[in-house]
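Q: Please take a close look at one part of this model, the open sheet. Start with the strands themselves, then move on to the spaces in the protein and to the ligand.

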Amino acid sequence: MTAASFVVVANRLPVDGDPDGGWRRSPGGLVTALEPVMHSTEGAWVGWPGKPDIEVDPFDFEGTRLIPVSLSAEDIELYYEGFSNDTIWPLYHDVIAAPRYSRPLWEAYVRVNRRFAEAAATAADEGGTVWVQDYQLQLVPAMLREARPDLTIGYFHHIPFPAYGLYSQLPWRRQVLEGLLGADVIGFQRVADAGNFARAVRRLFHYETKASGIRVPQPDGSTRLALARAFPISIDAAAYIELAGRDDIKARAREIREGLGNPAQVLLGVDRLDYTKGIGHRLKAFGELLAEGRLSVEDVTLVQVASPSRERVETYAHLRDEIELTVGRTNGDFDTVGHTAIRYLHQAFPREEMVALFLAADVMLVTALRDGMNLVAKEYVASRTDNQGVLVLSEFAGAHDELSRALTVNPHDIEGLKDAIVRAIEMPPAEQRRRMRSLRRRVLDHDVKDWSRDFLDALAASRGAAS
Ligand code: G6P
């Protein structure tokens with residue numbers, strides 16, 4: 001097997017399926033972002049094939065070498081559902097749900113991170129570049145540096161990094177920082193995330209942290225610079241614009257509205273079914289507006305797409321019950337024979353259908369309690385080539401740093417959220433246009449290719465950085 005000069009390491013491979021039924025490209029944005037780099041270099045991608053206990057040999061897929069890391073049912077339970085999604089995920093999202101601190105989960109996380117690091121160490125060519133992705137693999141950078149000091153190592157953190165007062169709860173807070181500091185460049189979504197990380201490093205290790213980088217002492221007594229900085233991720237804006245221009249998708253958008261009984265206003269929420277997304281707060285605000293008579297089901301329908309996610313984690317199973325109870329009650333109380341209050345879809349849809357929904361929606365509700373970025377906000381904006389539609393955006397989503405011309409909400413403030421929904425519904429077309437134009441300019445000027453280029457340029461520059 002030839003070694004790769006550029007290796008991506010992520011929890012998931014960029015494909016869905018299995019060796020028997022065949023592989024399909026997964027819809028994620030990261031795949032699109034890295035496509036040009038993967039094709040212009042000898043690229044390889046290390047990741048889990050998405051199902052338990054399947055042993056798959058490395059294979060080529062659309063010009064990229066895929067290197068599967070097999071996970072047993074126990075690895076999935078302890079490393080993926082456990083430490084990644086029941087410890088780190090809730091802790092890093094401001095403890096919206098209680099994190100589970102359990103030694104067997106941590107041990108599995110270390111064990112599985114080592115397997116990913118070993119696979120990457122084997123795949124990478126002498127002097128090559130490795131880009132590690134996200135919170136499931138925070139220990140990989142240091143493990144990789146130890147095995148392969150010749151490599152240039154990047155890490156991008158797709159989710160928030162919490163304030164020290166919360167981060168310090170983690171029993172393994174030192175080990176996780178050590179793991180991340182193995183990278184030459186540690187990328188975050190928001191300036192605030194990079195700041196929280198640097199503060200944690202100062203508090204726990206007393207290393208010097210400057211804009212030029214964090215000085216990390218080396219075993220031989222020298223120091224190495226690790227750059228911690230914000231690189232806000234984005235979307236393939238051109239792909240959304242193209243879909244939004246297609247006649248069949250525009251026709252589908254009209255059909256969606258007709259299917260809802262042609263309400264005057266369609267509100268839309270699109271999320272993974274996750275407690276970080278503030279779906280319950282959104283439904284509560286909407287239900288109260290109906291109860292108070294400020295809105296009527298004859299005029300307004302809320303379409304809520306909640307795609308299934310991490311269903312074997314208990315907190316997620318509870319959330320689903322809670323949301324579905326609320327949807328059932330709200331619809332039971334307010335539906336008429338011809339009109340529904342909430343059209344709830346516990347399903348995932350292809351991108352074409354998503355764009356049709358974006359075009360059908362007068363108001364997009366992104367009310368996350370905490371979110372690394374929230375790409376749905378950017379997808380909605382990119383799709384609105386008509387400069388119409390209103391984005392209601394939580395200040396706790398990373399996207400808010402760039403999309404401040406949206407209607408900003410604090411989703412915990414239910415009265416404020418209700419007022420913002422009404423204001424969005426009543427916003428005159430001229431104001432919609434002014435805001436949407438400025439939002440679109442930002443998303444179009446900084447798409448996902450700019451994101452990966454900025455990160456990889458910083459990583460290339462770090463290679464020669466003085467220590
Ligand atoms: C977030 C994370 C990703 C993750 C995705 C889907 O966006 O940042 O790393 O892949 O959620 O979650 P899942 O657990 O299904 O991979």
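In what order do the strands of the open sheet of 10 strands follow one another, and what kind of pairing do they have?

A: This is a predicted model, and every value below is computed from it. The strands of the open sheet follow the order E5-E6-E4-E1-E7-E8-E9-E12-E11-E10, and their pairing is mixed. Strand E5 (59-61) and strand E10 (209-210) stand at the edges. Each of these two has a single partner strand, so one side of each is left without a neighbour in the sheet. Strands of a sheet pair through backbone hydrogen bonds, and the pairing can be parallel or antiparallel.

Take the E5 edge. E5 and E6 run antiparallel and are joined by three bridges. Within this pair, phenylalanine 61 has threonine 64 of E6 as its bridge partner. These two residues also appear in the lining of the largest cavity, where Phe61 and Thr64 are among the residues nearest the centre, together with Pro14, Val31 and Glu35. The lining has 13 residues in total, and the cavity holds about 140 Å³ of space. Two elements, strand E6 (64-68) and helix H1 (29-40), each supply at least two residues of this lining. H1 provides the largest share, with five residues. By class, the lining of the largest cavity has eight nonpolar, two polar and three charged residues.

The model has two cavities of 30 Å³ or more. The second largest cavity has a volume of about 40 Å³. Its lining consists of Gly389, Val390, Leu391, Arg405, Ala406, Met427, Gln432, Arg435, Met436 and Leu439. Here strand E17 (390-394) and helix H15 (429-445) each give at least two residues, and H15 gives the most, with four. Six of the lining residues of the second largest cavity are nonpolar, two are polar and two are charged. E17 is not listed in the strand order of the open sheet.

Now the E10 edge. E10 pairs with E11 in the antiparallel sense over two bridges, and threonine 209 stands opposite isoleucine 214 of E11. The two strands are connected by a hairpin through two residues. On the other side, E11 pairs with strand E12 (residues 223-230), again in the antiparallel sense, over four bridges. In that pair, valine 216 stands opposite arginine 224 of E12. The E11 and E12 hairpin has five residues between the strands, and in it glycine 221 takes a positive phi near 95°.

E11 leads to an open space as well. The second largest pocket contains about 400 Å³ of space. It is lined by 19 residues, of which Ala142, Met143, Glu178, Gly179 and Gly182 are the closest to its centre. Strand E11 (213-217) is one of the elements that give two or more residues to the lining of this pocket; the others are helix H3 (103-123), helix H4 (140-147) and helix H6 (173-180). H4 gives the most, with four residues. The lining of the second largest pocket divides into 10 nonpolar, four polar and five charged residues.

The ligand remains. Around the ligand are Arg12, Tyr80, Asp134, Tyr135, Gln136, His158, Ile159, Arg272 and Arg310. By class, this shell is made up of three nonpolar, two polar and four charged residues. Three side chains of the shell can be described in more detail. Aspartate 134 has a polar side-chain atom 2.6 Å from an oxygen atom of the ligand. For arginine 310, a polar side-chain atom lies 2.9 Å from an oxygen atom of the ligand. In glutamine 136, an N or O atom of the side chain is 3.2 Å from an oxygen atom of the ligand. On its own the ligand has 370 Å² of accessible area, and the protein covers 69% of that.

To return to the sheet, its two edges can be set side by side. At one edge, E5 is joined to E6 by three bridges, and Phe61 and Thr64 are among the residues nearest the centre of the largest cavity. At the other edge, E10 is joined to E11 by two bridges, and E11 gives two or more residues to the lining of the second largest pocket.

Conventions
Residues are numbered from 1 along each chain as its sequence is written. This is a predicted model: local features need pLDDT of at least 70, side-chain atom pairs count only at pLDDT 80 or more; totals for chains, interfaces and linings use all residues. Side-chain values use heavy atoms; hydrogens and water are left out. On a 1 Å grid over the protein atoms alone, a cavity is a set of points where a 1.4 Å probe fits but cannot get out, and a pocket is an open set with protein on both sides within 12 Å along at least five of seven lines; lining residues have an atom within 4 Å of a point. Grid points are joined across faces, edges and corners, and a volume is the space filled by probe spheres set on the points. Ala, Val, Leu, Ile, Met, Phe, Trp, Tyr, Cys and Pro count as nonpolar, Asp, Glu, Lys and Arg as charged, and the others, Gly among them, as polar. A residue is near a molecule or strand if one of its heavy atoms lies within 4 Å of it. A polar contact is a pair of N or O atoms within 3.5 Å; within protein, one must be able to donate a hydrogen and the other to accept it, and residues adjacent in sequence count only if both atoms are side-chain atoms. Accessible areas come from the Shrake-Rupley method with a 1.4 Å probe; for residues, only the protein chains shown count as cover. Two strands pair if DSSP finds at least two bridges between them.
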